[in-house]
Amino acid sequence: MRAELYLEAVEAFAEAGVDGAWHCALAILAAATGSSRPELIGIGAKGMSFCVAELPQEAYREFESVGGYSPTVNHRIAAAQRAAPLQVVGDREYDDVAPFLRKDDAYMDVVRKYDIPPHGCQTTLVLEPNLLVGLNVHRTHKEGRIDADATAAFAAFAPHALAAVRTRLALGDRNARDMAAALEYAGA
């Protein structure tokens, strides 16, 4: 990975942590991993809290309504449950869990309807009793399975995404202007 790309991504994730504008950081992540769809998703105790991705919000509602977040039908969820936070799982791990999944036509209908790519990798950034935040990239059949270089790039960016998420969670509803004023006041 080019050093310039890495530094650009680090800066973009840092900015996203303050201003909540995730699309630039996710676009860099996608480019660095050769993936078409990056995604940052947060699921709270009362359903989905936020999602930054290319899919429309109704896709996530339909996904939830057919049990798409169940580890018994979704290879990504099943593989993630076997991993520690910040551990990257991908196509190899998806292959490992696939034989144990229940075939579910409703789930597959939603996958086909929204053209959800089959390949990629992911990690859990935050795993708390009332919050799960995950980062992933999806790759189409044409883009192919995730390779070692793309996985290494993803793994390099994950801690910066985690720092950005933690910053955003700490800021809550405060915006960047409030944060800048507080830092200026503190002499930072």
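These are my notebook entries on one protein chain, looked up in a predicted model.

**Overall fold**

I started with the secondary structure and got 8 helices and 5 strands for the protein chain. Reading along the sequence, I wrote the pattern down as α-α-β-β-α-α-β-α-α-β-β-α-α. The protein chain has 188 residues, and 43% of them count as buried. I then looked at contacts with a separation of 6 or more: 63% of these join residues 24 or more positions apart. For the surface I noted about 10300 Å² exposed, with carbon and sulfur atoms supplying 55% of it.

**Nonpolar cores**

Next I went inside. The largest nonpolar core holds 31 residues, and Trp 22, Leu 40, Leu 125 and Leu 135 touch the most other members. I listed the elements that give two or more residues to this core: helices H1 (3–19), H2 (23–33) and H7 (148–171), plus strands S4 (119–128) and S5 (131–139). H7 has the largest share, at 9 residues. There is also a second, separate core of 12 residues, and I found Ile 41, Tyr 60, Val 73 and Tyr 107 among them. As background, nonpolar side chains tend to be buried together in soluble globular proteins.

I picked Leu 135 for a closer look. Which residues is Leu 135 in contact with, leaving aside its neighbours within four places in sequence? My list has Leu 26, Leu 29, Glu 39, Leu 40, Cys 121, Gln 122, Thr 123, Leu 125, Phe 154, Ala 158 and Ala 161. Leu 40 and Leu 125 are on that list, and both are also named with Leu 135 among the core residues that touch the most other members.

**Largest pocket**

I moved on to open space. The largest pocket comes to about 1000 Å³. I counted 48 lining residues, with Asn 74, His 75, Arg 76, Ile 77 and Tyr 107 nearest its centre. Tyr 107 was already in my notes as a member of the second core. By class, I have the pocket lining down as 25 nonpolar, 12 polar and 11 charged residues. At least two lining residues come from each of S1, H3 (57–65), H4 (75–81), H5 (91–97), H6 (105–113), S4 and S5.

**Cavity**

How many cavities of 30 Å³ or more are there? I got 1, with a volume of about 30 Å³. Its lining is made of Arg 37, Pro 38, Glu 39, Ala 53, Glu 54, Leu 55, Tyr 60 and His 138. I sorted the cavity lining into 4 nonpolar, 1 polar and 3 charged residues. Strand S1 (residues 37–44) gives the most to it, with 3 residues. Tyr 60 turns up here as well as in the second core.

**Single residues**

I stayed with strand S1 and checked Gly 42, which is found there. Is Gly 42 buried or exposed? Its relative accessible area is 0%, so I call Gly 42 buried. I also took a C-alpha distance: Gly 42 and Leu 127 are 85 residues apart along the chain, and their C-alpha atoms are separated by 10.0 Å.

Last, I noted two residues with positive phi. Leu 86 is not a glycine, yet has a phi of about 70°. I placed Leu 86 in the loop between H4 and strand S3 (89–90). With a relative accessible area of 35%, Leu 86 is partly exposed. Asp 115, not a glycine either, has a positive phi of about 50°. I found Asp 115 in the loop between H6 and S4. Its relative accessible area is 53%, and the cut-off for exposed is over 50%, so Asp 115 goes down as exposed.

Key. Residues numbered from 1 in each chain as written. Predicted model: local features only at pLDDT ≥ 70, side-chain atom pairs only at ≥ 80, totals over all residues. Heavy atoms only, no water. 1 Å grid on protein atoms, 1.4 Å probe; cavity = no way out; pocket = protein on both sides within 12 Å on 5 of 7 lines; lining within 4 Å. Points joined across faces, edges and corners; volume = space filled by probe spheres on them. Helix = DSSP H or I, 4+ residues; strand = E, 2+ residues; numbered from the N terminus. Nonpolar A, V, L, I, M, F, W, Y, C, P; charged D, E, K, R; others polar. Core = buried A, V, L, I, M, F, W, Y, C linked by side-chain atoms within 4.5 Å. Buried < 20%, exposed > 50% of the residue type's maximum accessible area, 1.4 Å probe, protein only. Contact = heavy atoms within 4.5 Å. Areas by Shrake-Rupley, 256 points an atom, 1.4 Å probe, with all protein chains shown as cover.
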